[in-house]
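Here are my notes for your review. Please read them with the model open.

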Amino acid sequence: MAIKYEQQSLKIAQEISNTKGKIFDLIDLGASYNFIGIACLFLRDYPRSINFLQKGLTIFRNISNRNGEGTILTNLGSAYLSLKDYLQALECFRQSLTIFQEIGNRNGEGTALGNVGSVYFF
């Protein structure tokens, strides 16, 4: 059910960003991709999760939204970890750590450090 509503939100965000192209509309579009990616992650549909998260990551990188980029990299790392792709998960988690350190997001930095450590449990 969550995916259904997020897809409706995504459709609206796409329509708005296509017509206006404002930065806040692109942030909404990136966030919609992130939320659908998270929902797919919880449903264990990892390839679909990765697909949506990659789209969101591209948007956040294009608009230089570093916090959004770090957040999506964290979620992307979780999807790769679920697939037991430890190297890719570690790469995503390290990238998110670097970003959060650069922008001074201590909460994100702490989460990223925990995520990096979690890869070594496997």
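**Notes on the helix packing**

1. Leu 90 is buried, with a relative accessible area of 9%. The residue sits in helix 5. Beyond residues up to four places away in sequence, Leu 90 touches Val 116, Val 119 and Tyr 120. Tyr 80 lies ten residues from Leu 90 along the chain, and the C-alpha atoms of the two are separated by 8.7 Å. Please keep in mind that this is a predicted model.

2. Now the overall make-up. The protein has six helices and zero strands. Read from the N terminus, the elements run α-α-α-α-α-α. The protein has 122 residues, and 43% of them count as buried. Take the contacts between residues at least 6 apart in sequence: 51% of these join residues at least 24 apart.

3. Next, helix 3 against helix 4. Helix 3 covers residues 46-62, and helix 4 covers residues 66-82. The two pack at an angle of about 160°, with their axes 9 Å apart. Because angles over 145 degrees count as roughly antiparallel, helix 3 is roughly antiparallel to helix 4. Their crossing is left-handed.

4. Which residues of helix 3 and helix 4 meet? Helix 3 brings Tyr 46, Ser 49, Ile 50, Leu 53, Gln 54, Gly 56, Leu 57, Phe 60 and Arg 61. Helix 4 brings Gly 68, Glu 69, Ile 72, Leu 73, Asn 75, Leu 76, Ala 79, Tyr 80 and Ser 82. By class, this contact of helix 3 with helix 4 has ten nonpolar, six polar and two charged residues.

5. Two polar residues in that contact deserve a look. Ser 49 belongs to helix 3. Ser 49 is buried, at a relative accessible area of 0%. Setting aside neighbours within four places in sequence, Ser 49 is in contact with Gly 37, Cys 40, Leu 41 and Ala 79. Asn 75 belongs to helix 4. At 14% relative accessibility, Asn 75 also counts as buried, because the cut-off is under 20%. With neighbours within four places again left out, Asn 75 is in contact with Asn 34, Ile 38, Leu 41 and Leu 53. Leu 41 thus appears among the contacts of Ser 49 and among those of Asn 75.

6. Move on to helix 4 and helix 5. They pack at an angle of about 160°, with axes 8 Å apart. That makes helix 4 roughly antiparallel to helix 5. The crossing of helix 4 and helix 5 is left-handed. On the helix 4 side, the contact is made by Arg 66, Asn 67, Glu 69, Gly 70, Thr 71, Leu 73, Thr 74, Leu 76, Gly 77, Ser 78, Tyr 80 and Leu 81. On the helix 5 side, the residues are Tyr 86, Gln 88, Ala 89, Cys 92, Phe 93, Gln 95, Ser 96, Ile 99, Phe 100, Glu 102 and Ile 103. By class, this contact has eleven nonpolar, nine polar and three charged residues.

7. Helix 5 (residues 86-103) also packs with helix 6 (residues 106-119). Their angle is about 160°, and their axes are 8 Å apart. Helix 5 and helix 6 are therefore roughly antiparallel to each other. The crossing of helix 5 and helix 6 is left-handed. In helix 5, the residues involved are Tyr 86, Ala 89, Leu 90, Phe 93, Arg 94, Ser 96, Leu 97, Phe 100 and Gln 101. They meet Gly 108, Glu 109, Ala 112, Leu 113, Asn 115, Val 116, Ser 118 and Val 119 in helix 6. By class, the contact of helix 5 with helix 6 has ten nonpolar, five polar and two charged residues. Leu 90 from the opening point is one of the helix 5 residues here.

8. Last, the cysteines. How many disulfides does the structure hold? The number is zero. Cys 40 is buried, with a relative accessible area of 1%. Cys 92 counts as buried too, at 3% relative accessibility. Cys 40 is among the contacts of Ser 49, while Cys 92 is one of the helix 5 residues that make the contact with helix 4.

Note on methods. Residues numbered from 1 in each chain as written. Predicted model: local features only at pLDDT ≥ 70, side-chain atom pairs only at ≥ 80, totals over all residues. Heavy atoms only, no water. Axes fitted to C-alpha atoms, helices over the stretch in contact; angles between N-to-C directions. Helix = DSSP H or I, 4+ residues; strand = E, 2+ residues; numbered from the N terminus. Parallel < 35°, antiparallel > 145°, perpendicular 65-115°, else oblique. Left-handed = near helix turned anticlockwise from the far one by under 90°. Contact = heavy atoms within 4.5 Å. Nonpolar A, V, L, I, M, F, W, Y, C, P; charged D, E, K, R; others polar. Disulfide = S-S within 2.5 Å. Buried < 20%, exposed > 50% of the residue type's maximum accessible area, 1.4 Å probe, protein only.
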